[in-house]
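Welcome! Please take a moment to look over the sequence and the model below, and then we can walk through them together.

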Amino acid sequence: MIAVLRLGHRVGRDVRITTHICLAARALGADKVFLSGERDESVIKSIEGVTKRWGGKFEVEYRKDWRAVMKSWKGKTAHLTMYGEPLNEKIQLLRKEKDLLVIVGAEKVPSEVYKSADFNISISGQPHSEVAALAVFLDRLFEGKELEKAFKNAKLRVVPQPHGKLTEEKDG
Ligand code: SAM
């Protein structure tokens, strides 16, 4: 199980970026997102709608208490931060983990997260975005194979085209 813990969601301000975290997590092979910060049903509903149409097993769960999510997690935890150890130095070790909780922040991440995470991992030492950091992390974790993942029970699928857009709808 590869899960993502999104810290510090703010209703209104973070809707778009948190939705994108969930979309990227789903599309790039993660199984679940724990949403912490302010409760926001709109994000959960919109991702449920995407999963219903585009298939696969993916869940978004609101958990107010991120400490409890970290504490009860069975496997290792990897917090993505520009101040952490370089991804390239740690990725082989991380690939061995069966259950991994990938933690991404918003504006300010509590220092406790840096201390209690098993790994603090940087996707370059430059400031950028939680969506970009998560996408690169998952792609390196799965070595690109996540791009070929089949999403079961999809009602809709893209038929790849050199130009233009084509989708196919499944009956039933
Ligand atoms: N000063 C923050 C930090 O500690 O990385 C930057 C905040 S940034 C707007 C929000 C989130 O993006 C961070 O909490 C982190 O999860 C992720 N992020 C941004 N740049 C990153 C990088 N170079 N490596 C890993 N994660 C990064």
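## A first tour

Let us begin with R6, which has its place in strand 1, covering residues 2–9. Keep in mind that this is a predicted model. R6 counts as buried because its relative accessibility is 0%, under the 20% limit for that class. A polar atom of the R6 side chain lies 2.7 Å from the backbone oxygen of G105.

G105 also brings us to the ligand: a polar backbone atom of G105 is 3.1 Å from an oxygen atom of the ligand. Two further backbone contacts involve nitrogen atoms of the ligand, one with M82 and one with H128. Here they are side by side.

| Residue | Ligand atom | Distance to a backbone atom of the residue |
|---|---|---|
| M82 | nitrogen | 3.5 Å |
| G105 | oxygen | 3.1 Å |
| H128 | nitrogen | 3.1 Å |

How much of the ligand's accessible area does the protein cover? On its own the ligand has 540 Å² of accessible area, and the protein covers 87% of that. The space that the ligand takes up is the second largest pocket.

Now for the surroundings of the ligand. There are 18 residues around the ligand, and those that come nearest are L80, Y114, I123, S124 and Q126. Sorted by class, this shell holds 10 nonpolar residues, 7 polar ones and 1 charged one. Strand 4 (76–86), strand 6 (119–122) and helix 6 (130–142) each give at least two residues to the shell. Which element supplies the largest share? That is strand 4, with 4 residues.

Next, follow the chain past helix 6 into the loop that leads to strand 7 (156–158), where you will find A154. E143 and N153 have their places in this loop too. Are these residues buried or exposed? A154 has a relative accessible area of 16%, so it is buried. E143 is partly exposed, because its value is 49%, and partly exposed runs between 20% and 50%. N153 is exposed, with a relative accessible area of 73%.

The backbone of this loop has something to show as well. E143 has a positive phi, near 55 degrees, and is a residue other than glycine. N153 is not a glycine either, yet its phi is positive at about 60 degrees.

One last pair to find in the viewer is A154 and K96. Their C-alpha atoms are 30 Å apart in space, and the two residues are 58 residues apart in sequence.

Methods
Residues are numbered from 1 along each chain as its sequence is written. This is a predicted model: local features need pLDDT of at least 70, side-chain atom pairs count only at pLDDT 80 or more; totals for chains, interfaces and linings use all residues. Side-chain values use heavy atoms; hydrogens and water are left out. A residue is near a molecule or strand if one of its heavy atoms lies within 4 Å of it. A polar contact is a pair of N or O atoms within 3.5 Å; within protein, one must be able to donate a hydrogen and the other to accept it, and residues adjacent in sequence count only if both atoms are side-chain atoms. Accessible areas come from the Shrake-Rupley method with a 1.4 Å probe; for residues, only the protein chains shown count as cover. On a 1 Å grid over the protein atoms alone, a cavity is a set of points where a 1.4 Å probe fits but cannot get out, and a pocket is an open set with protein on both sides within 12 Å along at least five of seven lines; lining residues have an atom within 4 Å of a point. A molecule sits in a cavity or pocket if more than half of its atoms lie within 2 Å of its grid points. Ala, Val, Leu, Ile, Met, Phe, Trp, Tyr, Cys and Pro count as nonpolar, Asp, Glu, Lys and Arg as charged, and the others, Gly among them, as polar. Buried means under 20% relative accessible area, exposed over 50%, partly exposed in between (1.4 Å probe, protein chains only).
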